[in-house]
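Here are some short exercises to work through with the structure open beside you. Try each task before you read its solution.

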Amino acid sequence: MTSSVPRLVVAAPSSGSGKTTVATGLMAAFAARGLAVSPHKVGPDYIDPGYHALATGRTGRNLDAYLCGPELVGPLFLHGARGCDIAVVEGVMGLYDGAAGEGELASTAQVAKLLRAPVVLVVDASSQSRSVAALVHGFVSFDPEVRIGGVILNKVGSDRHEALLREAVDSVGVPVLGVLRRAPQVDVPSRHLGLVPVAERGPQAVEAVAAMAAQVAGGCDLEALAGLARGAGGLSCAAWDAGEALVSPPPPPLPVPSPGAAAPGPPLRPGRSRPQAPDGLEAAGQGVRVAVAGGAAFTFSYAEHAELLAAAGAEVVVFDPLRDEELPEGTGGVVIGGGFPEVYASELSANEGLRKSVAELALSGAPVAAECAGLLYLCRELDGLPMCGVLDASARMSERLTLGYRDAVAVSDSALAAAGTRMRGHEFHRTVVEPGAGAAPAWGMRAPERRVEGFVERGVHASYLHTHWASEPGVARRFVERCRTS
């Protein structure tokens, strides 16, 4: 079966060129024309998909060839694009930038090739004129397998500036599909980890997306862009399905590294065969309620996680640690993803009822999976303010940014993963937890330095590592089964 969902990738020579403005504005402009738009983001970023969802009314989804493997990029794309008229994929960093030291892996260019999608290059033209021709020519010729179908010139200063830029780009044979003038009203505020999430901005986020849509609709040739999207090549893979993914056999466990040792083994290769479901799998999660943290303080999660939990039989219920005074009734397990607890530390600390409820559940042995912000919330304190106290550890803000992909292996058996389970993840934080690992660490890392990290205590699995469960669906099945039996 071949799918031909119209699609295009919005890329740029570097970060800060205007990809998010153009991609989000384009999504909203197409949606305003009555099209069902499928929004996607290359890489591990959680924040941009929130703006994409606001622009389209659909869940923003990530396409990450490092976290999930190149084999899942097409299937996950088709899963998100079901029933849509067109898809817009926002790139990450510069077009050819990917995982450090891994060639094109996880780059926007690689994802564009995997999707057989044309690329629209957004160029910050604010400080150049004829030189733009050399820049565009270089990006077009660097990898002949990447099809750059057009250019959008951003931050153009005047009619004269626009004329010079158009003449230069025309000389290299690439069509100009849009020209955007400098427009402060479309700027989205940032802080220590990037843009401020949609959940924190409310009406301001709606206004920003509307401004992006108006700018793109006014400055870009939407018909030409839609035509470019219709020229994407066919995809012969099948759409990813959470239920089918859960019946894949788990890979054999890897040797468990000792503290300080590198995680062994070859790179993870998703895309295993899918046999029939084992007897009893459909009933594994009967009667299980999994509470997933949400609200302004915990906005980082991949949609596929909740889909996998539901496919494993769980009833997924969202709770807000800023407002809810206790966990949902009947909660059998808790998932606390990433976000900005440091921004809301006072409010989280003041909600003593929920902190006590989470601690009691964790101390009972029920499964709790916590990533990054969730790790901080389970600590004894964050910046001197009391948190849940599930872990005998202290968290604080730091000047140092920890950022990058990680290749990891589970060190300890947990409710989330058996010891030896190999997963790839991503770290992104400006906080420090002391100690950095418990008596039973969660993960052993290969890079950037050999170390162990995180905590496995009772049913708790807490770590800085963000993972994408589509790469190893068995973690969701295992988690729900542990909820049922704990």
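**Exercise 1. Strand β13 and its neighbours**

Find the residue that stands opposite Val368 of β13, then work out how β13 pairs with the strands beside it.

*Solution.* Start at Val368: the residue facing this position of β13 is Val334. Keep in mind that this is a predicted model. Next, look at the pairing as a whole: strand β12 (residues 331-336) runs parallel to β13, and 3 bridges connect them. Now turn to strand β21 (residues 460-463), which is also parallel to β13 and is joined to it by 4 bridges. One of the contacts to check here is Glu371, whose bridge partner in β21 is Ser463.

**Exercise 2. The two faces of β13**

Decide whether the side chains on each face of strand β13 (residues 368-371) are buried or exposed.

*Solution.* Begin with the general pattern: side chains in a regular strand point alternately to one face of the sheet and the other. Then sort the residues: Val368 and Ala370 belong to one side, Ala369 and Glu371 to the other. Finally, check the burial: all four are buried, which leaves both faces of β13 covered.

**Exercise 3. Classifying ring pairs**

Count the aromatic pairs, then classify Tyr46 with Phe300 and Tyr96 with Phe139.

*Solution.* Two values describe a pair of aromatic rings: the distance of the centres and the angle of the planes. Rings pair if their centres lie within 6.5 Å, and planes under 30 degrees apart count as stacked. With this rule, the count is 7 aromatic pairs.

- Tyr46 and Phe300 have ring centres 4.9 Å apart and planes at 5 degrees, so they are stacked. They sit 254 residues apart, Tyr46 in the loop between β2 and α2 and Phe300 in the loop between β10 and α11. Tyr46 is buried at 12% relative accessible area, and Phe300 is buried at 6%.
- Tyr96 and Phe139 have centres 5.8 Å apart and planes at 25 degrees, so this pair is stacked too. Tyr96 is in the loop between β4 and α4 while Phe139 is in helix α5, so the pair ties together parts 43 residues apart in sequence. Phe139 is buried, at 17% relative accessibility.

To finish, follow the ring pairs onward: they link Tyr46, Phe300, Tyr302 and Phe340 into a cluster.

**Exercise 4. Checking confidence**

Find out how confident the prediction is along the chain.

*Solution.* First take the average: pLDDT is 90 over the chain, and 88% of the residues score at least 70. Then look for a weak stretch: residues 259-285 stay under 50.

Technical notes:
Residues are numbered from 1 along each chain as its sequence is written. This is a predicted model: local features need pLDDT of at least 70, side-chain atom pairs count only at pLDDT 80 or more; totals for chains, interfaces and linings use all residues. Side-chain values use heavy atoms; hydrogens and water are left out. Rings of Phe, Tyr and Trp (its six-membered ring) pair if their centres lie within 6.5 Å; planes under 30 degrees apart count as stacked, over 60 as edge-to-face and the rest as tilted. Buried means under 20% relative accessible area, exposed over 50%, partly exposed in between (1.4 Å probe, protein chains only). Two strands pair if DSSP finds at least two bridges between them. pLDDT is the predictor's confidence in each residue, from 0 to 100. Contact means heavy atoms within 4.5 Å.
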